[in-house]
Amino acid sequence: MRFRWINPLRSLCTPAGTSARRRRADRRSRFECLEDRLALVGDLVITELHFHPLPPGPGSVAADDTDFEFIEIQNVGGAARQLQGVNFSDGVGFTFAALMLAPGARAVVVKNVTAFRERYGPSILIAGTFSGVLSDAGETVTLRDASAAIIQSFTYADTWVPAADGVGHSLVVRDTNQPLANWNLPGGWRASSRIGGSPGAADVGLYPGAIVINELLAHQDVAPGDWVELHNTSSSAVDIGGWYLSDKTNQPTLYQIPAGTMIAAGGFLVYTQQFHFGVGVNAFALSELGEQVVLTAPLGPGGEIYGDYREFGATDNPVTLGRYVTSTGVADFAVMAGLTRGSANTAPAVGPIVISEIMYNPDLGEDFIELHNPTIQPVKLFDPLRPTNTWRFTQGISFTFPPNVTIPAGGYLLLVDDDAALFRAANAVPASVPIYSFTGVFPDATLSNAGETLELSRPGVPEPPDSQAPGFVPYYTVDLVSYSDDPPWPAAADGNGPSLIRKTPLAYGNDPMNWQSGVNGGSPGRGDADLVGPRVTSISVGGSSWTVDDVELAVGDAAQLLPLPFANVDRITLSFDEPVTVTATALSLSGVNVPTYALAAGVAPGVAAQTITWSLAAPIAADRLLLDLENEQTLDAAGNRLDGEWTDAGSAFPSGDGTRGGDFRFSFNVLPGDANQDGVVAMADIAAARQHAFASLGDEEFDALCDIDGNGLVNVVDLIRIRNAMSTMLPAAPPSPPPSPAPSASAADAVVVSAVDRKTSAGFGEPSPLRRLTRANVRAVPRTSAAIATAAALVSNQSAADALGTSRLRARRSARAGGSSDLGVAFANLDAP
């Protein structure tokens, strides 16, 4: 899928010839002369860059578009700044003469003063003209002070903001107070709000990218049919009344958004086929075989048009495509892991097969692509119902898999630009790893040394006979990687010997952050290319006496410490991003009331598993808990130790121990009977549970937080448990970390307590290796203060609570409890303090 800026007044321009490789910034030099740098950083910053302007019109004094280039600087400090001697040393050349720049003031350095005045008028403060030109392909720009100390240095690229690459907009920094590192990232910049930019002035107004197509569903056979979600990425509400949605670039005004429609700052709006764009004379629907969505707005004051455009390929039913911002700030449009209509997107879907290693520019040997199955189930690379419909690469290389190819759990497969037998012998590839030869897409006979997109796809169900394309087989993206030889992709993989290695198999692949350089010559099909330790991906607790599924715990925010109200919690399950082996003493659980919890001793030596369950010798009573999984005793197949940091590195609430590698440490709390999760068992918990009495799992009225004993039914037993736990509360302080347990004698002694294989349909004709626990909603329904107050008010009015509770219980008693009148009496007695 590609992103392209839509401007009906101008066509997209691209530099002629091959784009030059961007120069790498001298990162060490950014820390030179630290004291001098600190004196200026925060006061003087580059705020706007027009590196690829529109060409001159008829009769212009400009020779070409470069005459309209400019760089804007601003004094963002609180005092005037003398600019004499400040200079540009990379990208362009210029040294400022004596010039006092007032607080908040801006000045521009231009290529051609006459041409600049022609386009922008006479009022803008011009500090002078620079030598050289700004590269249309991107380059390093460095600003230094009079002593040659670096004030600011960054490397921009033409791919960062498409609207700034010849379409007419300039690059504008998103936030002058952002970290200096953000100037080196696409996410630190945006397109100007006007064609030509706003030199010498703040860039105000709606800018390209403020309103984006955030998610879409193009394949759904039930109401409301297809839908498109818009998202306001800005910090202000935006009126999109009068804007248009369409599926045709040559007819962009098919559906007009009603006047006065506002999207709140950071908000979402969804338009459906059933109620919006699929109604009326200009009705349209999205094609499940792939097409485009166009969002456009009326012309702005500078003749510009705002909007967004997304091309997409075939999609399965009902799978959405959504906007995902990578570590470099690039907004991909990827297959989403789940539908999030009207809210923030999930992470992209990953697997079940991933591109795990790429040798695109070897110093010796041949190119290859390694595929890996990181799951615990075999994956067929063909449609089991139509075996001749096989997986294929739909971008990058030309290769369709033969029938009946399966990659076993944890297994590998190689595609090589060589004879398979010769490649196996030359690279010591295990006999169990299949190898196939591929032919590159003409005219590139192999993998591109400059980078390209590799897309692995699987076949869908052929189109029915009554469709517009009978028998056509759609192909759905399984994994996509657009590698590059430019930073931040690892430079060592560009002709220096190593290959590109995917760090975490189950993390998103089209992000350079998830790739690193491997060993010289690569490690095709051997599995020893894995240089990164495994990580924990989810944690859940349960009880051996429960009849419902375990509860997945919240991670990454304050909900993680909301006390679990469940009794008989005596097992802990951890899932990992790859199979691991652990020792019998790898996991410890410490509390305040119980310093060290004993874990069951039954183990299976040397077993690798992706989901592991530990059983406690005794259930957890009220306690604050700290779980510690030792990294030295938790290994993946390559012998890498556990990386204890939580996979969500951006969480505000810490998990892990704060250091790359190291133990996985996780805090959570248990307080049986605390249905409202406020840290103490009180009458409010009884009142809360009574409102859901006799509701069972699957009922609309069922509340898992009130199912204290985990049997899938809220009944009198749960209320008795709450009543017996009255006035218990969590300890005041968390536990101290436990001492490190002694490791086993060797890695060969690694053992697993219990490997859990949960199976569910993943939509690939194969059972999924992982499943979201069905009671995961438990962690998402903490009681609000209003709900607690309501429950307390019911309890304070004893007779009203009795009457309400008894009437509800009687109605349920006859339906669910066989008419036992003792239950109503028991509930009434529970109201007594």
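**Loops, a five-stranded sheet and a helix pair**

Ala148 is partly exposed, with 41% of relative accessible area. In this predicted model, the residue sits in the loop that links strand S9 (140-144) to strand S10 (150-155). Although Ala148 is not a glycine, its phi is positive, at about 75°. Gln677 also invites a look, as a non-glycine residue with a positive phi, here of about 55°. Its loop runs between strand S47 (664-670) and helix H5. With a relative accessibility of 8%, Gln677 counts as buried, since the cut-off for that class is under 20%.

Two cis peptide bonds can be described next, beginning with the one from Asn317 to Pro318, where omega is near -10°. Pro318 belongs to the loop between strand S21 (307-313) and strand S22. Pro487 and Pro488 are likewise joined by a cis peptide bond, with omega at about 10°. Pro488 is placed in the loop that separates strand S36 (475-482) from strand S37 (498-502).

Strand S22, which follows the loop of Pro318, leads on to a sheet. Strands of a sheet pair through backbone hydrogen bonds, in either a parallel or an antiparallel manner. Here, five strands make up an open sheet with antiparallel pairing, and their order is S19-S14-S13-S22-S23. The edges are taken by strand S19 (268-272) and strand S23 (331-335); each has a single partner strand, so one side of each is left without a neighbour in the sheet. On average, and ignoring direction, neighbouring strands of the sheet are turned by 30° against each other. At the S23 edge, the pairing of this strand with S22 (residues 320-325) is antiparallel and extends over five bridges. Within this part of the sheet, Ala334 in S23 has Gly322 standing opposite.

The final element to consider is a helix pair, and such packing is described by the angle between the two axes and the distance between them. Helix H5 (residues 683-690), which follows the loop of Gln677, packs with helix H6 (residues 716-724) at an angle of about 175°, and the axes lie 9 Å apart. H5 is therefore roughly antiparallel to H6. On the H5 side, the contact brings in Asp685, Ile686, Ala689 and Arg690, which meet Leu719, Ile722 and Arg723 in H6. By character, the residues of this contact are four nonpolar and three charged, with no polar ones.

Terms used:
Residues numbered from 1 in each chain as written. Predicted model: local features only at pLDDT ≥ 70, side-chain atom pairs only at ≥ 80, totals over all residues. Heavy atoms only, no water. Pairing = 2+ DSSP bridges. Helix = DSSP H or I, 4+ residues; strand = E, 2+ residues; numbered from the N terminus. Axes fitted to C-alpha atoms, helices over the stretch in contact; angles between N-to-C directions. Parallel < 35°, antiparallel > 145°, perpendicular 65-115°, else oblique. Contact = heavy atoms within 4.5 Å. Nonpolar A, V, L, I, M, F, W, Y, C, P; charged D, E, K, R; others polar. Buried < 20%, exposed > 50% of the residue type's maximum accessible area, 1.4 Å probe, protein only.
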